[in-house]
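Hi,

Here is the structure I promised to pass on. Have a look at it first, and then read my notes below.

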Amino acid sequence: MFTLHLEPWFDRAEWNHVRDLVLARDPTALHFMKVWRSRSARLPAGVETTVSLLEASSNMDNSLALSMSINRFLNHVSHIGMNEFGVSKLHAAADRLQVPGWIVDIRHETTHGHMPSITILRSGFEVCWSWICANYWENKMNPVLPLKDQERDALENLLECYLYLRVYQCWGTMYVKDIAENGDVFTHIKSLWGNCVRQKKTKDFLSLSVKQAAAITKNEILNLQTEKEELARILVDEELLVPEDSFLQSLVGEEEDDHVEVPKDLLFVWKDYIELIDESVGAKLLIDLLVEKIGRNDVEENHKEYCAAWIVEISEGILARSKHLTLKKDHGAGIKDFERWISKPNRLIQMLLPCFSSLIGLGRRKQSLIDDLMTAAVGDSEEQDGNSSVEKVFSVEDIAAEAEEAAKPTLGWRPVTSSGWDQQILRTFHDQSWESLWLGETAEWLPSPRQPEEEEEFQLSVRHSMQVVWPGEEVLPQGRAEEDKPFFYRDVSQNLNQFSSPRRKRVRKN
């Protein structure tokens, strides 16, 4: 049983035209959307929200119209939060969808009868407009009707079979039967061929040359008449432009680890299809898809590096500097594409910055400023040992957390986690000696306060103190009197009674 889905736009070309009008904030788009509303009982929520914002943009001095458009936008955000994340609170939905919290505050203020200033309303409108353009219209660029599962599987298998055959052709293999020496690979290729190529040609598979088999596979791919956007997506998403690791390693051979390039055999395999995509929809689509794949968390770092290498090679072909690819110069990339490419900065995107700048004609000074911003956002991740030479960039949340921690009362002892004693060095200063610790010749001891007369005091007897002999001074030089010694090295037992003892033991009277 088939399920029909009615779309309000006539075809893909009409959608693309309206999308371009919306991104240019052209009010003419409203005429098309009103026609769409007449064709359908209910427009998509993204289109309805766009209608409300476009109508308000015609008069940016009307506070009521701006506030109503912001409220309509937040209704859309609330529905998405409920349907996608199961959250009922607007602040929670806005946080999930990366909508600033102060936009939600505008709704609360207008609902309770306090209209914000026109400046705040205009700023809120711009945030809402940017969000709907980035997350709805640009996210749905060139909507491609999905292939049926069988057709897509057939196309993927044909492309994979074509990859194997062309690689063996590059390696100089003449006949298909020669591939049989590698049993597992031959069995896999034969299975792909039998499932995808027409039956009358499968019987002659072993008698074909590798070049003939590759040509037959290519014709089968072209006969499917697949949309070039879907073809580009399959090449990027599946392990075709960047094969799986073992296959890739056989193509790469021995290369320096710090230098990644697209293997020449892969360029030879996919050259015709890349130029075919460029002729139809432009090679910029491949750059968009590769940048998107670099930003995904489920892609291995090694594969991301080869995606970046493909971007460099395609860009060189657009700029007529590639020895392998010949692509159209009117690629159509602009500042909006540049902003989208660098919207999720990472190490590889920063390395691709000169390439992106050359495509849109960005000056060196602006490129340098953007590179500094990306360095601050990404950090120096090229360090092999993982230690970053760029200091951590603190956010407002970090500062608030640190202030909150400092405001907490400290009770009792608290363990010290980082004492830094391992970095402390005990060292002496130049010309330092023990004489700096000695008391001077004129130093006098202060007498201790006398005790009340009713208490009888008695001093502890102190035995004759031993004379301290410092190394090097075992023998007292002739002619040096006892008084010449430092004060606390003298034998003062004879004159001890003239000083009161610092320790006394009090004895009660009977």
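Let's start with helix 6 and helix 7, whose axes come within 10 Å and cross at roughly 125 degrees. That angle makes helix 6 oblique to helix 7, and the crossing is left-handed. On the helix 6 side, the contact is made by Trp102, Ile103 and Ile106. Helix 7 brings Ile120, Leu121, Ser123, Gly124, Val127 and Cys128 to the contact. Sorted by class, the residues of this contact come out as 7 nonpolar, 2 polar and no charged.

Before going on, please keep in mind that this is a predicted model.

Helix 7 (residues 118–137) also packs against helix 4 (residues 63–85), this time at an angle of about 40 degrees and with the axes 9 Å apart. An angle under 35 degrees would have counted as roughly parallel; helix 4 and helix 7 are therefore oblique to each other. Helix 4 passes helix 7 in a left-handed crossing. If you want to pick out the contact in your viewer, select Ser63, Leu66, Ser67, Ser69, Ile70, Phe73, His76 and Ile80 of helix 4. The helix 7 half of the contact is Ile118, Leu121, Arg122, Gly124, Phe125, Cys128, Trp131 and Ile132. That contact divides into 10 nonpolar, 5 polar and 1 charged residues. Leu121, Gly124 and Cys128 of helix 7 take part in the contact with helix 6, and those three residues appear in the contact with helix 4 too.

One residue from that list deserves a closer look. Is histidine 76 buried or exposed? With a relative accessible area of 8%, histidine 76 is buried, since the cut-off for that label is under 20%. Histidine 76 lies in helix 4. Leaving aside residues up to four places away in sequence, histidine 76 touches Ala45, Gly46, Thr49, Trp131 and Ile132. Of these, Trp131 and Ile132 belong to the helix 7 side of the contact with helix 4.

Ala45 is worth following from there. Alanine 45 sits in helix 3 (residues 45–57), and at 37% relative accessibility it counts as partly exposed. Which residues does alanine 45 touch, not counting those up to four places away in sequence? They are Arg72 and His76. There is a long-range pair here as well: alanine 45 and tyrosine 136 are 91 residues apart in sequence, yet 9.8 Å apart in space, C-alpha to C-alpha.

Further along the chain, there is another helix pair to look at. The axes of helix 12 (residues 228–237) and helix 14 (residues 264–280) come within 10 Å and cross at roughly 140 degrees. Over 145 degrees would count as roughly antiparallel, so at this angle helix 12 is oblique to helix 14. Helix 12 passes helix 14 in a left-handed crossing. Lys228, Leu231, Ala232 and Leu235 make the contact from helix 12, facing Trp270, Tyr273, Leu276, Ile277 and Ser280 of helix 14. The class count for this contact is 7 nonpolar, 1 polar and 1 charged.

Now a couple of backbone spots you may want to check. Most residues other than glycine have a negative phi. Arginine 25 has a positive value, with phi near 55 degrees. Arginine 25 is found in the loop between helix 1 (12–23) and helix 2 (29–39), and counts as partly exposed at 31% relative accessibility. Glutamine 98 is not a glycine either, and has a positive phi of about 60 degrees. Where is glutamine 98? Look in the loop between helix 5 (90–96) and helix 6 (101–111). At 71% relative accessibility, glutamine 98 counts as exposed.

Finally, some whole-chain numbers for your notes:

- The secondary structure comes to 21 helices and 2 strands.
- The chain has 510 residues, of which 32% count as buried.
- Taking contacts between residues at least 6 apart in sequence, 67% join residues at least 24 apart.
- About 34,500 Å² of the chain is exposed, and carbon and sulfur atoms supply 51% of that area.

Cheers

Note on methods:
Residues are numbered from 1 along each chain as its sequence is written. This is a predicted model: local features need pLDDT of at least 70, side-chain atom pairs count only at pLDDT 80 or more; totals for chains, interfaces and linings use all residues. Side-chain values use heavy atoms; hydrogens and water are left out. Axes are lines fitted to C-alpha atoms, for helices over the stretch in contact, and angles run from 0 to 180 degrees between N-to-C directions. Helices (H or I, at least four residues) and strands (E, at least two) are DSSP runs, numbered from the N terminus. Angles under 35 degrees count as roughly parallel, over 145 as roughly antiparallel, 65 to 115 as roughly perpendicular and the rest as oblique. A crossing is left-handed if the near helix is turned anticlockwise from the far one by less than a right angle, and right-handed if clockwise. Contact means heavy atoms within 4.5 Å. Ala, Val, Leu, Ile, Met, Phe, Trp, Tyr, Cys and Pro count as nonpolar, Asp, Glu, Lys and Arg as charged, and the others, Gly among them, as polar. Buried means under 20% relative accessible area, exposed over 50%, partly exposed in between (1.4 Å probe, protein chains only). Accessible areas come from the Shrake-Rupley method with a 1.4 Å probe; for residues, only the protein chains shown count as cover.
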